[in-house]
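The following exercises concern a predicted model. Please attempt each task before reading its solution.

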Amino acid sequence: MTAPIIFAAPLQGYTDAAWRAAHRDIFGEAVAQYFTPFVRVEGGVPRPRDLRDAPAGEPRTTPQIIFGSPGEMRMLVHALSGAGHTRIDLNCGCPHPPQLHKGRGAAVLLRPDLLREAAEIINDYPAITFSLKMRTGVTCGTEWRPAMREIERMRLSHVTVHARYAVQQYRGLVDVAAFEAIASALPHPVFFNGDVTAPQELPAGAAGVMIGRALLGRPSLAAEWCGGEEWPAARRIEALLQLHARVYEARAARLCGPAQLLAAMQPFWHFCEDGIGHRNAKAIRKTRTIEAYRKAVAEITKNLEL
Ligand SMILES: Cc1cc2nc3c(=O)[nH]c(=O)nc-3n(C[C@H](O)[C@H](O)[C@H](O)COP(=O)(O)O)c2cc1C
């Protein structure tokens, strides 16, 4: 089986520029496109921290924006295109209440007027290639239907569907039937997203796949699919540790002090439990100082007896 086109999902707090650079360096070309965590408007301006983490010129990387009004969308597109970006992904899937309450993320699916204006803004920027990431709805999995009339007319390179509705957050049934219905309703290539861990899980009609948590837990996954075989555990863990060492160094240089660094690094391992085992994951979770954290990470290989 040839590997599908693989996108790396955006995950706030995880897939920052340091993670993406390390992933690219270690795993090569396996991921066709990385997406940045969303860039937002805060205090009436594009958040500087978000813009810094989405620098133009980063290979195979598309910045994602979240917006709740045409004004916010224009401001973000203007900032990113001014910075030299040529691709932008539109977030129509974020389920977090603070964003939904601002009419952003998945809430946009229920706002045909905003979608219509978004299509016009897209047309105002012919040099930018746009894409869109969506859910199947907000409170149920049929709310995507009215949005189709607007999305089908948008100039988009592709649409990614996380096949859950927003209230489900990141758990519960992944609705393959809804994905297939969306894929056949749209003229664009449609990528599947949600709980994928193996290429054979891709539903009919998928142009490719976007992988999030599985790639955090097993960063070699895309390279393994492309190479056509599983890596032995020792190689997988070595690559995982190499990636984390790079992210650690980058965050240590940026963050203020050990407590912040610990808080930024510890959650990664939650996604790695399958690979590093329960004992290692628990040991890392229990650490309360950066020194103890480093020691627990250094002991992963020994505990696994690889
Ligand atoms: C902690 C976390 C942060 C996320 N941040 C974003 C984001 O900034 N933009 C976005 O479109 N999706 C975001 N997502 C959703 C993921 O991109 C993806 O759609 C979701 O995790 C389902 O895919 P998976 O099962 O392969 O992880 C986030 C998910 C998680 C768990």
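**Exercise 1.** Determine whether Glu150 is buried or exposed, and state with which residue its side chain meets in a salt bridge.

*Solution.*
Step 1. The relative accessibility of Glu150 is 4%. Buried means under 20%, so Glu150 counts as buried.
Step 2. The side chain of Glu150 meets that of Arg116 in a salt bridge, at 3.2 Å from N to O.
Step 3. Glu150 belongs to helix H6 (residues 144-151) and Arg116 to helix H5; the pair therefore ties together parts that are 34 residues apart in sequence.

**Exercise 2.** Describe the salt bridge between Arg116 and Asp113, and classify both residues by accessibility.

*Solution.*
Step 1. The two side chains meet at 3.4 Å, N to O.
Step 2. Both residues lie in helix H5 (residues 112-124); because they are three residues apart, about one helical turn separates them.
Step 3. Arg116, at 39% relative accessibility, is partly exposed, whereas Asp113, at 51%, is exposed.
Step 4. These pairs belong to a wider set: the structure holds 22 salt bridges. Arg20, Arg24, Asp53 and Glu58 are linked in a network of such bridges.

**Exercise 3.** Explain why Cys140 forms no disulfide.

*Solution.*
Step 1. A disulfide is a covalent bond between the sulfur atoms of two cysteines. The cut-off to apply is a sulfur pair within 2.5 Å.
Step 2. The cysteine sulfur closest to that of Cys140 belongs to Cys92 and is 17 Å away, which is too far for a bond.
Step 3. In the structure as a whole, the number of disulfides is zero.
Step 4. As to surroundings, Cys140 is partly exposed, with a relative accessible area of 29%, while Cys272 is buried, with 1%.

**Exercise 4.** State the strand order of the nine-stranded open sheet, identify its edge strands, and locate a helix that lies across strand E8.

*Solution.*
Step 1. The order is E5-E2-E1-E11-E10-E9-E8-E7-E6, and the pairing is parallel.
Step 2. Strand E5 (61-62) and strand E6 (64-65) are the edges, since each pairs on one side only.
Step 3. At the E5 edge, two bridges join E5 to strand E2 (residues 33-35), and the two strands run parallel. Here Tyr34 stands opposite Thr61 in E5.
Step 4. Helix H7 (residues 176-185) lies across strand E8 (129-134), strand E9 (159-162) and strand E10 (190-193). Relative to E10, helix H7 runs at about 165°.

Methods: Residues numbered from 1 in each chain as written. Predicted model: local features only at pLDDT ≥ 70, side-chain atom pairs only at ≥ 80, totals over all residues. Heavy atoms only, no water. Pairing = 2+ DSSP bridges. Helix = DSSP H or I, 4+ residues; strand = E, 2+ residues; numbered from the N terminus. Contact = heavy atoms within 4.5 Å. Axes fitted to C-alpha atoms, helices over the stretch in contact; angles between N-to-C directions. Buried < 20%, exposed > 50% of the residue type's maximum accessible area, 1.4 Å probe, protein only. Salt bridge = Lys/Arg side-chain N within 4 Å of Asp/Glu carboxyl O.
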